Amino acid sequence: MLINKNAFTLIETLFVLFIMCILFSLSCNLHMPTINDQLILDEATQFLNEAKIVAMTTKETVTVKVSGHNLSYTSNDHNSNLTLEEITFDTYQFTLNNMGNIKTAKTINCKVHQNKYSFVYQLGSGYFYVK
């Protein structure tokens, strides 16, 4: 009886499939997008600007609380929370008056991917910059 040996065995096929899976998983890890610091800081900046806009449009005092991974603001009609896992804030609380201004200068320190940044609020205004 003649056996035709023109095909791969099951073990050979599984071995090739295993090698292809390993190569595929390595290539996926190399091409995974990473979130850079600027995108995370932009998201936090937009949230703090939103709190200022709420204070100005509703003509109400808005309390902003920053701690850990959380940012939140509250007023009589609006409550909003934002959680960013990539950023860690020191604990701060300040209020924005009905014109969107704060009474004192304030610096909010944070850490993003082992880099330190500061949100610096200017004296008597609601404007800030990140350094």
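# Questions on burial, strands and core

Author: Ser 75 touches Val 54, Glu 60, Thr 61 and Val 62, leaving aside residues up to four places away in sequence; contact means heavy atoms within 4.5 Å. This is a predicted model, in which local features need pLDDT of at least 70, side-chain atom pairs count only at pLDDT 80 or more, and totals for chains, interfaces and linings use all residues. Residues are numbered from 1 along each chain as its sequence is written, and side-chain values use heavy atoms, with hydrogens and water left out.

Reader: Does Ser 75 count as buried or exposed, and at what relative accessibility?

Author: Buried means under 20% relative accessible area, exposed over 50%, and partly exposed in between, with a 1.4 Å probe and protein chains only. Ser 75 has 12% relative accessibility, which is under 20%, so Ser 75 counts as buried. Ser 75 is in the loop between S2 and S3. Strands are DSSP runs of E with at least two residues, helices are runs of H or I with at least four, and both are numbered from the N terminus.

Reader: What makes S2 and S3 a pair?

Author: Two strands pair if DSSP finds at least two bridges between them. S2 and S3 (residues 79–83) have five bridges in the antiparallel sense, so the requirement of at least two is met. One of the bridges joins Thr 74 to Asn 79 in S3. The two strands form a hairpin with four residues between them.

Reader: Which partner does Thr 63 have in S2, and how many bridges join S1 to S2?

Author: Thr 63 is bridged to Thr 74 in S2. S1 and S2 run antiparallel and are joined by five bridges, and their hairpin has one residue between the strands.

Reader: How many bridges pair S1 with S4, and S4 with S5?

Author: S1 and S4 have six bridges, antiparallel, with Val 64 bridged to Phe 94 in S4. S4 and S5 have three, also antiparallel, including the bridge from Thr 88 to Lys 111 in S5. Three bridges satisfy the requirement of at least two, so S4 and S5 count as a pair.

Reader: What sense does the pairing of S5 and S6 take, and which phi does His 113 have in their hairpin?

Author: S5 and S6 pair in the antiparallel sense over seven bridges, and Val 112 has Asn 115 as its partner in S6. Their hairpin has two residues between the strands, and His 113 there has a positive phi near 45 degrees. Gln 114 lies in the loop between S5 and S6 and has a positive phi near 70 degrees, although this residue is not a glycine. Another non-glycine residue with positive phi is Lys 59, at about 55 degrees, in the loop between H2 and S1.

Reader: What relative accessible area does Gln 114 have, and what does Gln 46 have?

Author: Gln 114 has 65% and Gln 46 has 56%. Each value is over 50%, so Gln 114 and Gln 46 are exposed. Gln 46 is in helix H2.

Reader: Which residues touch the most other members of the largest nonpolar core?

Author: A nonpolar core is a set of buried Ala, Val, Leu, Ile, Met, Phe, Trp, Tyr and Cys residues joined through side-chain atoms within 4.5 Å. The largest one here has 27 residues, and Val 64, Leu 71, Phe 89 and Phe 119 touch the most other members. At least two residues each come from H2 (37–58), S1 (62–68), S2 (70–74), S4 (87–96), S5 (106–112) and S6 (115–121). H2 gives the most, with eight residues. Not counting residues up to four places away in sequence, Val 64 touches Leu 48, Ala 51, Ser 72, Tyr 73, Tyr 92, Gln 93, Phe 94 and Leu 96.

Reader: Which residues form a nonpolar patch on the surface?

Author: Phe 15, Val 16, Phe 18, Ile 19, Met 20, Ile 22, Leu 23 and Leu 26 form this patch, with about 790 Å² of accessible area together. Phe 18, in helix H1 (residues 10–30), has 51% relative accessibility and so counts as exposed. That value is also over the 30% relative accessible area asked of patch residues, which must have no salt bridge; nonpolar side chains (Val, Leu, Ile, Met, Phe, Trp, Tyr) are joined within 5 Å. A salt bridge is a side-chain nitrogen of Lys or Arg within 4 Å of a carboxyl oxygen of Asp or Glu.

Notes
Patch = residues over 30% accessible without salt bridge, like charges linked within 9 Å, V, L, I, M, F, W, Y side chains within 5 Å. Areas by Shrake-Rupley, 256 points an atom, 1.4 Å probe, with all protein chains shown as cover.
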